[in-house]
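Colleague: Please show me the model, and then let us discuss how its parts are arranged.

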Amino acid sequence: MKKIKIAIAGVGNCASTLIQGLHYYKNKNPKDATGIMHWDIGGYTLSDIEVVAAFDIDKRKVGKDLSEAIFSKPNNTTIFQKEIPKLGVEVKKSPVLDGYASHMNEYSVDHRFVVSDAKVVNVAEELKKSGAEILINYLPVGSEKASRFMAEQCLEANVAFINGMPVFIASDKEWEKRFEEKKLPIVGD
């Protein structure tokens, strides 16, 4: 079976945990896979997932290989899988939109985003080039415009959308209809 090619929007703690988990469980068998509810879904396992693109706005992540970016500040999730091989996926800069709240300026540099001055990429084009089939939206809570932007890019690139944050996109009838018309899955919220 072919790989499931995913892209990630927002290389924060959730993305770090996902990537660590993919590598932690890579050489395990179902009996040793404590924490995994369904080892096999339709013949696919975690080892069938391949990350092919990633987007963020922080200068400590943009331009780095995803294997390094997941451990960059301000990420502070538990590290349970330190050994992550180079993935060959450079984190690209997406538009900031509302993905950076001004109140974050009150926090120390280790606990807030530092917006990259790198050039913003064309997200839809990057999704197409990478061969991504699904984009997982891990943007920060409150990033409603940025999340809707990512959903729009998925429609343009013919990529499914998993919304891993609480902005109503998948449960919005208009968005549901637009994804349905393109025969693309949309889930989450």
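The exchange below covers the sheet, one helix, the aromatic rings and one loop residue.

Modeller: This is a predicted model, in which local features need pLDDT of at least 70 and side-chain atom pairs count only at pLDDT 80 or more, while totals for chains, interfaces and linings use all residues. Residues are numbered from 1 along each chain as its sequence is written, and side-chain values use heavy atoms, with hydrogens and water left out.

Colleague: Which strands are the edge strands of the open sheet?

Modeller: Strands (E, at least two residues) and helices (H or I, at least four) are DSSP runs numbered from the N terminus, and two strands pair if DSSP finds at least two bridges between them. The open sheet has 6 strands in the order β3-β2-β1-β4-β5-β6, with parallel pairing. The strands that pair on one side only are β3 (91-93) and β6 (186-188).

Colleague: What angle does the direction of α3 make with that of β2?

Modeller: Axes are lines fitted to C-alpha atoms, for helices over the stretch in contact, and angles run from 0 to 180 degrees between N-to-C directions. Neighbouring strands of the sheet are turned by 20 degrees against each other on average, direction ignored. Helix α3 packs on the sheet and touches β1, β2, β3 and β4, where contact means heavy atoms within 4.5 Å. Its direction makes with that of β2 an angle of about 160 degrees.

Colleague: Which residue follows α4 with a positive phi?

Modeller: Helix α4 (residues 144-157) has 14 residues and reaches 20 Å from its first C-alpha to its last, close to the 20 Å expected, the expected span being 1.5 Å times one less than the number of residues. Its buried residues (under 20% relative accessible area, with exposed over 50% and partly exposed in between, for a 1.4 Å probe and protein chains only) include Met150 and Leu155. Their cover includes β1 (4-9), β5 (160-163) and α5 (173-181). After α4, the residue with a positive phi, near 60 degrees, is Asn158.

Colleague: How far apart in sequence are the parts that the pair of Phe161 and Phe179 ties together?

Modeller: Rings of Phe, Tyr and Trp (its six-membered ring) pair if their centres lie within 6.5 Å; planes under 30 degrees apart count as stacked, over 60 as edge-to-face and the rest as tilted. By this rule there are 5 aromatic pairs, and that of Phe161 and Phe179 is tilted, at 6.3 Å centre to centre and 35 degrees between the planes. Because Phe161 lies in strand β5 and Phe179 in helix α5, the parts tied together are apart in sequence by 18 residues.

Colleague: Which residue lies over the face of Trp175?

Modeller: Trp175 is buried, with a relative accessible area of 9%, and forms a tilted pair with Phe179 at 6.4 Å centre to centre and 40 degrees between the planes. A charge sits over a ring if NZ of Lys or CZ of Arg is within 6 Å of the ring centre and within 35 degrees of the ring normal. Over the face of Trp175, at 5.0 Å from the ring centre, lies Arg178.

Colleague: Is Ser94 buried or exposed?

Modeller: Ser94 lies in the loop between β3 and α3. Leaving aside neighbours within four places in sequence, Ser94 is in contact with Phe55, Asp56, Ile57, Val120, Val123 and Met150. With a relative accessible area of 3%, Ser94 is buried.
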